[in-house]
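Colleague: I am new to this structure and should like to understand the terms applied to it. May I ask for the reasoning behind each of them?

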Amino acid sequence: NKQVILKSRPVGEPKESDFALVETPTPEPGEGEILSRTIYLSLDPYMRGRISAGKSYAASVELDSVIVGGTVSQVIKSNHPQFQVGDFVLSNNGWQTYAVSKGETLRKLDPTQAPLSYSLGVLGMPGLTAYAALLDIGQPKEGETVVVSAASGAVGAVAGQIAKIKGARVVGIVGSDDKRDYIVKELGFDVGINRKTQELDSALKEAAPNGIDVYYDNTAGVILETVLQQINLGARIPLVGLISEYNATSTPSGPNLMPLLIKRALIKGFLVSDYQHRFNDFLRDVSGWLQSGQLKYKEDVVVGLENAPSAFIGLLRGDNFGKLIVKVNDD
Ligand code: NDP
């Protein structure tokens with residue numbers, strides 16, 4: 001059994017010496033287990049997180065352990081009633097040629113339905129990522145403009161094409177001219193932008209003259225920063241990946257968005273003017289809570305209009321304590 005194990009935790013870009021290829025005896029399946037031979041191993045950006053020490057949405061791979069990974073494999077020995085020798089399965093063998101499994105997480109694959117490897121990509125985890133984040137969070141509508149980063153990749157290419165199917169104008173951001181040609185000529189994106197050779201801000205303005213309604217974010221970083229300057233009212237941003245930061249050796253500037261992703265948090269812009277329809281409910285509830293003493297209120301009253309400027313300056317410094325009010329005249 002050949003295995004790739006983690007020798008050291010990469011600092012910055014992973015190096016070959018962080019990994020080691022080792023040979024171990026092929027394991028024997030126990031009672032209720034199967035032995036499978038790995039046919040395809042999926043390589044995905046999330047693995048960068050798994051081989052670092054920091055806590056992510058899943059536990060880190062231990063040093064000297066086999067690196068985790070989704071696989072397509074074929075059952076070669078079975079002590080499991082549901083799996084026969086020869087069955088193809090979607091498995092998590094990781095970076096090794098053989099693995100034993102209890103079968104709980106295996107899914108049988110039908111090789112006549114689609115190429116086996118598709119279950120690791122377009123018909124598997126990356127495809128679902130593209131589909132669900134775009135449709136459930138991005139919710140593109142006909143005629144809207146959707147921007148996708150890492151647009152030629154496993155996730156981005158599917159997300160962009162689904163957005164096209166839904167009738168959106170789709171702009172893809174990629175890292176080479178070949179990738180740009182591919183997304184436009186082969187995949188039907190309306191515009192492709194090469195982030196390495198084009199000035200992103202002006203290229204986006206040209207590509208999305210009506211602004212951006214959905215940004216499918218696979219990268220965070222400067223792409224997110226630039227896109228945010230061009231989003232429309234009510235824009236939706238599925239925060240799917242932060243690949244521009246995965247190899248970072250120092251804390252990137254600005255807020256760290258990873259907790260938003262891990263906690264599936266929702267950030268939504270708010271403007272009180274959109275909520276006038278809640279005014280009557282608000283007044284009824286808050287008046288009641290004030291009267292019952294459940295809600296307390298503190299005012300900081302400054303007397304005299306002439307004191308307004310200094311009070312205002314103080315407000316921005318934190319000198320006020322409570323709601324700042326200027327008493328201009330006696331009531
Ligand atoms: P890809 O096939 O898209 O491969 C990664 C691509 O990222 C590269 O080809 C490169 O494309 C781009 N990239 C790399 N570094 C940078 C950078 N510094 N700035 C901008 N782009 C960069 O990978 P996947 O489709 O598998 O994954 C895409 C994203 O989706 C990742 O961030 C991944 O973590 C995330 N993901 C999240 C999931 C979730 O549940 N939240 C599930 C699956 C994936 P290019 O040359 O075009 O710039």
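Modeller: Let us begin with a definition: two strands pair if DSSP finds at least two bridges between them. Please bear in mind throughout that this is a predicted model.

Colleague: What makes strand 3 and strand 4 a pair, and in which sense do they run?

Modeller: Strand 3 (residues 34-41) and strand 4 (residues 71-78) are joined by seven bridges. The criterion asks for at least two bridges, so the two strands count as paired. Their sense is antiparallel. As an example of bridge partners, Leu35 is matched with Lys77 in strand 4.

Colleague: To which sheet do these strands belong, and what is its strand order?

Modeller: They are part of an open sheet of five strands, ordered 6-3-4-5-7, in which the pairing is antiparallel.

Colleague: Why are strand 6 and strand 7 called edge strands?

Modeller: Strand 6 (98-101) and strand 7 (107-109) each pair on one side only, and they are the edge strands of this sheet. From one strand to the next, the twist averages 45°.

Colleague: How do you know that strand 9 and strand 10 pair, and what is the sense of the pairing?

Modeller: Strand 9 (residues 169-174) and strand 10 share four bridges. As at least two are required, these strands pair, and they do so in the parallel sense. Gly172 has Gly192, in strand 10, as its bridge partner.

Colleague: What is the order of the sheet that holds these strands, and which strands lie at its edges?

Modeller: This open sheet also has five strands, in the order 10-9-8-11-12, and its pairing is parallel. Strand 10 (191-194) and strand 12 (231-236) are its edges, since each pairs on one side only. The twist here averages 25° from one strand to the next.

Colleague: Which helices are placed against strand 9 and strand 10, and at what angles?

Modeller: Helix 4 (residues 177-186) lies across strand 9 and strand 10, at about 170° to strand 10. Helix 5 (residues 200-207) packs on the sheet and touches strand 9 and strand 10, and its direction makes about 175° with that of strand 10.

Colleague: Why is the protein described as more spread out than a compact globule?

Modeller: For 331 residues the globule rule gives 20 Å, whereas the radius of gyration is 27 Å. The second value is well over the first, so the protein is more spread out than a compact globule. Its C-alpha trace spans about 90 × 50 × 40 Å along the principal axes.

Colleague: Into which domains is the protein divided?

Modeller: The division gives domain 1 (2-120), domain 2 (125-262) and domain 3 (274-327). The centres of domain 1 and domain 2, taken over C-alpha atoms, are separated by 30 Å. Their contact takes eight residues from domain 1 and seven residues from domain 2.

Colleague: How do you know that the ligand lies between domain 1 and domain 2?

Modeller: Both domain 1 and domain 2 give residues to the shell around the ligand, so the ligand lies between them.

Colleague: Which residues come nearest to the ligand, and which helix gives the most to its shell?

Modeller: Of the 25 residues around the ligand, the nearest are Gly153, Ala154, Val155, Gly175 and Gly241. Helix 2 (125-138), helix 3 (154-165) and helix 6 (221-228) are the elements that give two or more residues to the shell. Helix 3 gives the most, with three residues. By class, the shell around the ligand has 11 nonpolar, 11 polar and three charged residues.

Technical notes: Residues are numbered from 1 along each chain as its sequence is written. This is a predicted model: local features need pLDDT of at least 70, side-chain atom pairs count only at pLDDT 80 or more; totals for chains, interfaces and linings use all residues. Axes are lines fitted to C-alpha atoms, for helices over the stretch in contact, and angles run from 0 to 180 degrees between N-to-C directions. Two residues are in contact if their C-beta atoms, placed from the backbone, lie within 7 Å. A residue is near a molecule or strand if its C-beta atom, placed from the backbone, lies within 6 Å of it. Ala, Val, Leu, Ile, Met, Phe, Trp, Tyr, Cys and Pro count as nonpolar, Asp, Glu, Lys and Arg as charged, and the others, Gly among them, as polar. Domain bounds come from an automatic or database domain assignment. The radius of gyration is taken over C-alpha atoms; the globule rule is 2.2 Å times the number of residues to the power 0.38.
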